[in-house]
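Work through the exercises below with the sequence and the model open. Each task is followed by its solution.

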Amino acid sequence: MHRICLLLALCGGAHLAHAQTLISQDDLDIAAQLRDRALNSDMAYQLLESLTVEVGPRMAGTPGDAAGVAWAKKTFEALDYDQVALEPVTFPLWRRGAESAEVTAPYPQPLAVTALGFSPGTGPQGVEAKVVHFGTLHELAQIEDGSLNGEIVFISNQMERTKTGEGYGPAVVARRDGSTVTAAKGGSAVMIRSVGTDNNRTPHTGTMRVEPGQAAVPAAALSNPDADLLVAMLERGDVTVKLSLDVGIDGEGLSHNVIGDIKGSDKADEFVIIGGHLDSWDLGTGAVDDGFGVAITMAAGRFIAEHAPRPPSRTIRVVAWANEEQGLWGAKAYYEAHKDQLEKHLVGAESDFGAGRVWAFASRVNKAALPVIGQIHSVLEPLGIELGNNAAFGGADVLPLRAAGMPVVSLYQDGSDYFDYHHTANDTLDKVDPEVMRQNFAAWVAFTWLAANYPGTFSPAPVIE
Ligand SMILES: [Zn+2]
């Protein structure tokens, strides 16, 4: 028994029985050593460089995505993971061809535009119509159904820049539902201001939502400066735009979750599950979203296996998730394939919030395990990481597991500039600062080691709506 447990047992009453399991001082010391060593390692950056240079864009179901899966498999093997598995993931295959928009009257000029994922196409003739302007999706939703007469809807609200990314939620509703709401109102197409915080002429793509049987119109995002331009024209009077999108759903796509396991010693059938999503959008090379998270977590498993003085107690499972961008298809497939082993998943987390510094460590665990979260935080604190609350997000790809009760943690990153590049052609390797990546890497290595060796449980996690 560890000396802190003894202390608790001696000092506390019977109600402390559940709080006795802590991480050993030996494992805390090993974590600190791994952390400091990882701070001087470029292993994660080298993997990201390899992925962006040798594969590049990885939109789900494209040849680039298949090349990404092959890269992940080959890389896990080269990193000496004990077991590497591919698990199939299917989804509607959306393809992007040529896309363009132009003002045809009264001030003819081109607009920088990109289609939203799952948008239907305009047909080869394109859609040309008068533009009707709404400040928000909510304003559009207020008008009577069928009250538009084939106009192109333009929704102009601007996403707010924040460290936490909280500006994304209020802005992204226009991207998600603009197409179907426009269809219900009688519009012929929709253009939104990009959900992004930059002022570059790089429109931001991203998925929209269409329920089965729901009507949808062609949908595209204008870059922020092009949205400003259109607003200025509309202040002068009527504007006509022509939108041409050669896009649409074309059968079923196939990809794979790529899973690498570093085998545990005495609890090999229990997992700490970490990862990032392997798919990206097609416009950039997916360095920031989410090659960064894939590279850090793939490197973390290897780094621990290589540099820890003994194998981890539990298995470290790293998942390069398939098709996160178009609706968590890989996450849902993993859940379906592994839901009977749910209780074997001790804790999960995903790195998927750009390339900023980690500034907070948050959990979603049984309150009785919060002292353990405090122990983990003590190893992260020298990296400039605060202790967050017990309502962690965990990451998009662990949501199905989280919803079924798996505890999660978040290593929250500073997202102040994430939405300058998110889903744009500007999502490239030069946006990644190797020093910041090492800080992230050190945090993930330390957390993963500690979780894999913590002898207790984090369950049951609190249910938070
Ligand atoms: Zn992402």
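The exercises go from the whole chain to the pairing of single strands.

This is a predicted model, in which local features need pLDDT of at least 70 and side-chain atom pairs count only at pLDDT 80 or more, while totals for chains, interfaces and linings use all residues. Residues are numbered from 1 along each chain as its sequence is written.

**Exercise 1.** Describe the overall dimensions and packing of the protein chain.

Solution.
- Start with the extent: the C-alpha trace spans about 80 × 45 × 40 Å along its principal axes.
- Next, take the radius of gyration over C-alpha atoms and apply the globule rule, 2.2 Å times the number of residues to the power 0.38. For 465 residues a compact globule would have a value near 23 Å, and the chain agrees because its own is 24 Å.
- Then consider burial: 54% of the 465 residues count as buried (20 or more other C-beta atoms, placed from the backbone, within 10 Å of a residue's own).

**Exercise 2.** Find the partners of strand E8.

Solution.
- List the elements: the chain has 13 helices and 14 strands (DSSP runs numbered from the N terminus; helices are H or I, at least four residues, and strands E, at least two).
- Locate E8 at residues 240-262; 19 bridges join E8 to strand E1 (residues 83-105), antiparallel. Two strands pair if DSSP finds at least two bridges between them. Here Trp94 stands opposite Ile249 in E8.
- Strand E4 (residues 127-134) is also antiparallel to E8, with 4 bridges; Glu128 stands opposite Lys242 in E8.
- Strand E10 (residues 314-321) pairs with E8 over 5 bridges, again antiparallel, and Ile262 has Ile316 in E10 as its bridge partner.

Key: Buried ≥ 20, exposed ≤ 12 C-beta atoms within 10 Å, placed from the backbone.
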